Amino acid sequence: MKATLISKDSKEAKLEMGFTAEEFEQAVIKEYQSTKDKYSVDGFRKGKAPRSIIEKHYGESIFMEGAINSLFNENYPKAIEELELDIIDRPAVEFGNFKKGEDFSATVTVAIYPEIEVKDYTGVEIDKVKTSVTKKDVDEELENMRHRNARMAAVERPAEEGDTVLLDYQGFVGEEQFEGGTAENFPLKLGSNSFIPGFEDQLKGVKVNEERDVKVDFPEDYHAENLAGKSAVFKCKVHEIKEEQLPELNDEFAKDISEFDTLDEVRTDLKEKIKERKAMVAESKMKNDVMEKVFENNDIEVPQVMIEDEINAMMQEFDQQLRSQGMDLEKYFKYLKKEPKEFRDEIKDDAFRKVKTRMIISAVAEAEKIEATEEELEKEINKLAEQYKLEADKIKEMLGKENTAFIKKDIRMKKALDFMYDKAVFN
């Protein structure tokens with residue numbers, strides 16, 4: 001196959017793919033071998049008829065269409081790579097006349113990633129985000145650490161806010177017990193707001209081994225249609241009440257939860273970590289501000305097909321999130337009484353912003369000749385290897401050529417954004 005670029009502008013490329021008579025004949029033979037079992041010819045068992053007999057019986061071109069499609073599908077990606085075209089849509093293909101024993105060609109027209117020129121991406125003026133670490137910040141972090149290292153102790157007193165009760169419950173609507181409303185030895189923290197509004201409040205004051213009816217009203221928009229808007233009664237029995245007992249803030253606590261010997265050392269370490277965390281958040285905010293200014297400074301045309309592809313990707317990601325929660329897009333739309341098109345329309349602006357942002361950053365990388373180095377790629381692969389506890393070579397093998405290219409592209413985009421940030425002016 002010979003690939004020739006006929007023309008190219010900022011939006012579209014036209015190329016010719018040429019095939020020799022020999023390449024075409026080999027493709028026809030391959031098509032015959034893979035499809036001959038489909039054809040019945042008198043005097044031959046199915047799949048045993050010679051090619052010439054099948055062609056005589058069904059027509060000389062019987063294997064040609066499949067051969068042409070195979071030739072194109074196998075060689076089109078090679079042609080795109082050879083001509084270094086960044087395509088964004090399916091191609092429009094015109095096949096030339098083809099005859100047995102002759103060369104033939106295909107003319108391909110395809111939309112390509114648009115060439116854009118970005119302006120005003122250096123010297124962007126933004127407000128500097130200032131950060132500081134207060135004693136309150138450190139105290140709150142220490143309090144969180146106390147709660148993470150608390151012990152739960154059984155108590156005999158009535159249950160209070162913050163206690164965890166171990167209970168059995170059965171839910172009824174009228175006299176009928178409903179599905180999914182039953183549990184045994186279920187741990188429920190009072191005040192966690194993890195149950196239906198009003199449920200946890202009615203368990204305050206309950207005692208061990210006490211039985212209590214909890215009356216609730218399911219919200220009108222409750223996800224289970226058979227319960228939405230209905231009143232229910234949960235028959236509960238409490239087996240145990242536990243309270244959270246926090247450790248004292250002292251040097252012993254410091255030794256238990258860290259590599260330090262004193263609480264003062266823990267405080268110093270926490271202050272540094274909070275400072276680093278706040279600095280990262282501030283930098284991320286300022287980078288977003290820079291990008292927002294550059295976004296506003298550039299009015300570029302975003303191809304509709306790229307927006308539609310982004311919408312598809314966003315819907316697929318949302319579907320995966322729903323599936324992790326026991327739902328999917330189809331159930332979600334049914335529950336909200338919404339059509340997929342409505343949802344697509346709702347996320348269209350977000351998809352546009354994502355695509356335009358990537359286009360701008362990519363154009364900056366192109367203009368500034370920013371590329372990912374092999375050292376940077378190795379660093380990212382080593383991070384993945386450490387994360388998944390595998391050898392770096394194994395990660396490379398698993399990633400393959402295409403996913404490795406995605407990582408390099410991601411590195412390049414991050415470097416381009418860093419470039420704009422480094423060139424910004426901070427007020």
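**Exercise 1. The lining of the largest pocket**

Find which helices each supply at least two residues of the lining of the largest pocket in this predicted model.

*Solution.*
Step 1. Start with the helices. Helix 3 (64-82), helix 9 and helix 11 (392-422) each supply at least two residues of this lining.
Step 2. Now look for the main contributor. With seven residues, helix 11 gives the most to the lining of the largest pocket.
Step 3. Add the volume, which is about 1,500 Å³ for the largest pocket. Of the 33 residues that line the largest pocket, E84, L85, D86, K409 and R412 are the closest to its centre.
Step 4. Sort the lining by class: 18 residues are nonpolar, one is polar and 14 are charged.

**Exercise 2. The second largest pocket**

Describe the second largest pocket by its volume, its lining residues and the helices that supply them.

*Solution.*
Step 1. The volume of the second largest pocket is about 340 Å³.
Step 2. Its lining has 14 residues, and Y113, M306, E310, R358 and K409 lie nearest the centre. You have met K409 before: it is also among the residues closest to the centre of the largest pocket.
Step 3. Helix 7, helix 9 and helix 11 each supply at least two residues of the lining of the second largest pocket. Helix 11 provides the largest share, four residues.
Step 4. By class, the lining of the second largest pocket has seven nonpolar, one polar and six charged residues.

**Exercise 3. Helix 7 against helix 9**

Work out how helix 7 and helix 9 are oriented to each other, and list the residues that make their contact.

*Solution.*
Step 1. Take the axes of helix 7 (residues 304-323) and helix 9 (residues 340-367): they come within 8 Å and cross at roughly 115°.
Step 2. Angles of 65 to 115 degrees count as roughly perpendicular, and therefore helix 7 and helix 9 are roughly perpendicular to each other.
Step 3. The handedness of the crossing of helix 7 and helix 9 is right-handed.
Step 4. On the helix 7 side, the contact is made by Q304, M306, I307, E308, E310, I311, N312, M314, M315 and F318. On the helix 9 side you will find F343, R344, I347, K348, D350, A351, F352, K354, V355, R358 and M359.
Step 5. Sorted by class, the residues of this contact are 12 nonpolar, two polar and seven charged. Notice that M306, E310 and R358 take part in this contact and also lie nearest the centre of the second largest pocket.

**Exercise 4. Helix 10 against helix 11**

Decide which orientation word fits helix 10 and helix 11.

*Solution.*
Step 1. Helix 10 (residues 374-388) packs against helix 11 at an angle of about 125°, and their axes are 9 Å apart.
Step 2. That angle makes helix 10 oblique to helix 11.
Step 3. The crossing of helix 10 and helix 11 is right-handed.
Step 4. Residues of helix 10 in the contact include L377, I381 and L384, and those of helix 11 include I395, L399 and I407.
Step 5. By class, the contact of helix 10 with helix 11 has nine nonpolar, two polar and seven charged residues.

**Exercise 5. Helix 4 against helix 6**

Find how helix 4 and helix 6 are oriented to each other.

*Solution.*
Step 1. The axes of helix 4 (residues 135-148) and helix 6 (residues 263-297) come within 9 Å, crossing at roughly 110°.
Step 2. Helix 4 and helix 6 are therefore roughly perpendicular to each other.
Step 3. D137, V138, D139, E141, L142 and M145 of helix 4 meet L263, V266, R267, L270, K271, I274, R277 and K278 of helix 6.
Step 4. Seven nonpolar, no polar and seven charged residues make up this contact of helix 4 with helix 6.

Methods:
Residues are numbered from 1 along each chain as its sequence is written. This is a predicted model: local features need pLDDT of at least 70, side-chain atom pairs count only at pLDDT 80 or more; totals for chains, interfaces and linings use all residues. Side-chain values use heavy atoms; hydrogens and water are left out. Axes are lines fitted to C-alpha atoms, for helices over the stretch in contact, and angles run from 0 to 180 degrees between N-to-C directions. Angles under 35 degrees count as roughly parallel, over 145 as roughly antiparallel, 65 to 115 as roughly perpendicular and the rest as oblique. A crossing is left-handed if the near helix is turned anticlockwise from the far one by less than a right angle, and right-handed if clockwise. Contact means heavy atoms within 4.5 Å. Ala, Val, Leu, Ile, Met, Phe, Trp, Tyr, Cys and Pro count as nonpolar, Asp, Glu, Lys and Arg as charged, and the others, Gly among them, as polar. On a 1 Å grid over the protein atoms alone, a cavity is a set of points where a 1.4 Å probe fits but cannot get out, and a pocket is an open set with protein on both sides within 12 Å along at least five of seven lines; lining residues have an atom within 4 Å of a point. Grid points are joined across faces, edges and corners, and a volume is the space filled by probe spheres set on the points.
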